[in-house]
Amino acid sequence: MSFPSHFLLPFTIFLLLFHQNFSFPSKQTLLLPLRKSIGASAVAVSANAATDKLAFHHNVTLTVSLSVGSPPQVVTMVLDTGSELSWLHCKKTPNLNSVFAPQLSKSYKPVPCVSPVCRTRTRDLPIPASCDPNDKLCHVAVSYADASSIEGNLAYENFVIGSATRPGFLFGCMDSGYSSNSEEDSKTTGLMGMNRGSLSFVSQMGFPKFSYCISGSDSSGVLLLGDARFSWLRELNYTPLIQRSDPLPYYDRVAYTVQLEGIKVGNRLLDLPKSVFLPDHTGAGQTMVDSGTQFTFLLGPVYTALRNEFLQQTRGVLRVYEDPNFVFQGAMDLCYRVTGSSRQSFSNLPRVSLMFRGAEMSVSGERLLYRVPEMSKGSDSVYCFTFGNSDLLGIEAFVIGHHHQQNVWMEFDLVKSRVGFAEIRCDLAGQKLGMGP
């Protein structure tokens, strides 16, 4: 599942590969440092024969730069763990700065309607594949929560990572659609799906797991594709991925779904029955870990309980911004007026702990509040609580966004079907990996 483009994880990846013996499915580990800046050059640092460190920088969306086709064309793709199908813009329009031109590639091969691939490999897509009546090609379409949509044809193509080529990669060659944020859309060529579906990038490439670590202090971090162990990384706490085989209307079976069991504010556990965190008979109410979403969204009853408790515990510490008509990003209605001096007290705010089956994630300090860009009241800035109400967005799920994953080592283990995390200074982790500023 993907949410409005302003919720997307802000990274840009310039992908370089120095290990010559790359094979697929991948048994190699790719390690990528990141930085929140534009236009800086990519840097690569060699670690050992089993690990490659790859540099990227990020701003607005997480994008991977790689080559596609024969001869290769350089493309940039938004990396989204909440999506399955990878796709590229294949039709030039005035608002797109970068497109893939299939007619210039000798290795491009569209999938015909009669191919079994059109039916079997697209089974997990939210919108079923169909047959394009004009050219008899396998037609795919993707829509997002902000009403953006795009469609085109399923095709095979060579995806090139460094000096290695992955032939026969299935992707969507898109030629029409609607974007709610054409300015951001124009900066990339497409999207790289990273969920558990059979068509996702991580599945087609054969990576057993991937990890990332986003700094909360200097906007640096690390993205790691593959398996690796580091002596300085504390033991991770794991929560199992929830598997469901039965199709339900509001349940995404290939998302990274975990079980949220409770929430604490400070030492106080919200007085909620565990049943409110469980999906209902339609599948509504699953909990997804999604790097493509910026903040965390909770279903109405849970959000209201958290909002009320946080408001109670911060009364007299934070000054509420009293404007009933203001809702930040359509779902965040608890905001505060903050002076420069009161911002220093963020470290004293009560932490919010998300309690999963077997693991716990704590949100504290500046991660609890987010400054509304270009908005002030007198000399005060406006900050909003970084948990939002899913109901206001029309989302039938709990979504754990990347803002609350800062300074947490996040591991997605596809083989053992689990998500692991441990608190760590991600800027220091980058330095230990030789990727400091």
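In this predicted model, helix 4, spanning residues 300-313, lies across three strands, namely strand 18, strand 19 and strand 24 (352-356). The helix runs at about 15 degrees to strand 18. These three strands belong to an open sheet of 4 strands, which has the order 19-18-24-25 and antiparallel pairing. Strand 19 (268-269) and strand 25 (359-363) each have a single partner strand, so they stand at the edges, with one side of each left without a neighbour in the sheet. At one of these edges, strand 19 pairs with strand 18 (residues 260-265) in the antiparallel sense, over 2 bridges. Here Val265 has Arg268 of strand 19 as its bridge partner. As a general matter, the strands of a sheet are held in pairs through backbone hydrogen bonds, in either the parallel or the antiparallel sense.

It helps to place this sheet within the whole protein. The secondary structure comes to 6 helices and 31 strands. Of the 437 residues in the protein, 56% are buried. Contacts between residues at least 6 apart in sequence show how the chain comes together: 69% of them join residues at least 24 apart. The accessible surface comes to about 18400 Å², and carbon and sulfur atoms account for 51% of that area.

A further open sheet is formed by 4 strands in the order 22-23-27-26, again with antiparallel pairing. Its edge strands are strand 22 (319-320) and strand 26 (369-377), each of which pairs on one side only. Strand 23 (residues 335-338) and strand 27 (residues 380-385) run antiparallel and are joined by 4 bridges. Val338 finds its bridge partner in strand 27, at Ser381. A disulfide also joins Cys335 to Cys384, with an S to S distance of 2.0 Å. This pair links distant parts of the chain, since Cys335 is in strand 23 and Cys384 is in strand 27, 49 residues apart. The torsion about the S-S bond of Cys335 and Cys384 is about 95 degrees, so this disulfide is right-handed. Both cysteines, Cys335 and Cys384, are buried.

Strand 13 (residues 190-193) offers a view of a strand covered on both faces. Gly190 and Met192 on one side are buried, as are Leu191 and Gly193 on the other. Strand 13 runs parallel to strand 6 (residues 73-80), and 4 bridges join the two. Within this pairing, Val78 stands opposite Leu191. Strand 13 also pairs with strand 7 (residues 87-89), this time in the antiparallel sense and over 2 bridges. There, Gly190 of strand 13 is the bridge partner of Leu88.

The disulfide count for the protein comes to 5. With the bonded cysteines numbered in sequence order, the pairing reads 1-6, 2-4, 3-5, 7-10, 8-9. Besides the link already described, one of these disulfides joins Cys118 to Cys138, with an S to S distance of 2.1 Å. Cys118 is in helix 1 (residues 117-120) and Cys138 is in strand 10 (residues 138-143), so the pair links distant parts of the chain, 20 residues apart. The link of Cys118 and Cys138 is right-handed, with 85 degrees about the S-S bond. Cys118 counts as buried because its relative accessibility is 6%, and Cys138 does so at 0%.

Cys213 and Cys426 form another disulfide, their sulfur atoms 2.0 Å apart. Cys213 lies in strand 14 (residues 209-214) and Cys426 in helix 6 (residues 426-432), so this pair ties together parts that are 213 residues apart in sequence. The link of Cys213 and Cys426 is left-handed, with -80 degrees about the S-S bond. Cys213 and Cys426 are both buried.

Some loops hold backbone features worth a look. Most residues other than glycine have a negative phi, and most peptide bonds are trans. Ser70 and Pro71, however, are joined by a cis peptide bond, with omega of about 0 degrees. Pro71 is found in the loop between strand 5 (63-68) and strand 6. Gln329, in the loop between strand 22 and strand 23, has a positive phi, near 50 degrees. Ser417 likewise has a positive phi, near 55 degrees, and is found in the loop between strand 30 (408-413) and strand 31 (418-423). Ser417 counts as buried because its relative accessibility is 18%, under the cut-off of 20%.

Definitions and conventions. Residues numbered from 1 in each chain as written. Predicted model: local features only at pLDDT ≥ 70, side-chain atom pairs only at ≥ 80, totals over all residues. Heavy atoms only, no water. Buried < 20%, exposed > 50% of the residue type's maximum accessible area, 1.4 Å probe, protein only. Contact = heavy atoms within 4.5 Å. Areas by Shrake-Rupley, 256 points an atom, 1.4 Å probe, with all protein chains shown as cover. Pairing = 2+ DSSP bridges. Axes fitted to C-alpha atoms, helices over the stretch in contact; angles between N-to-C directions. Disulfide = S-S within 2.5 Å.
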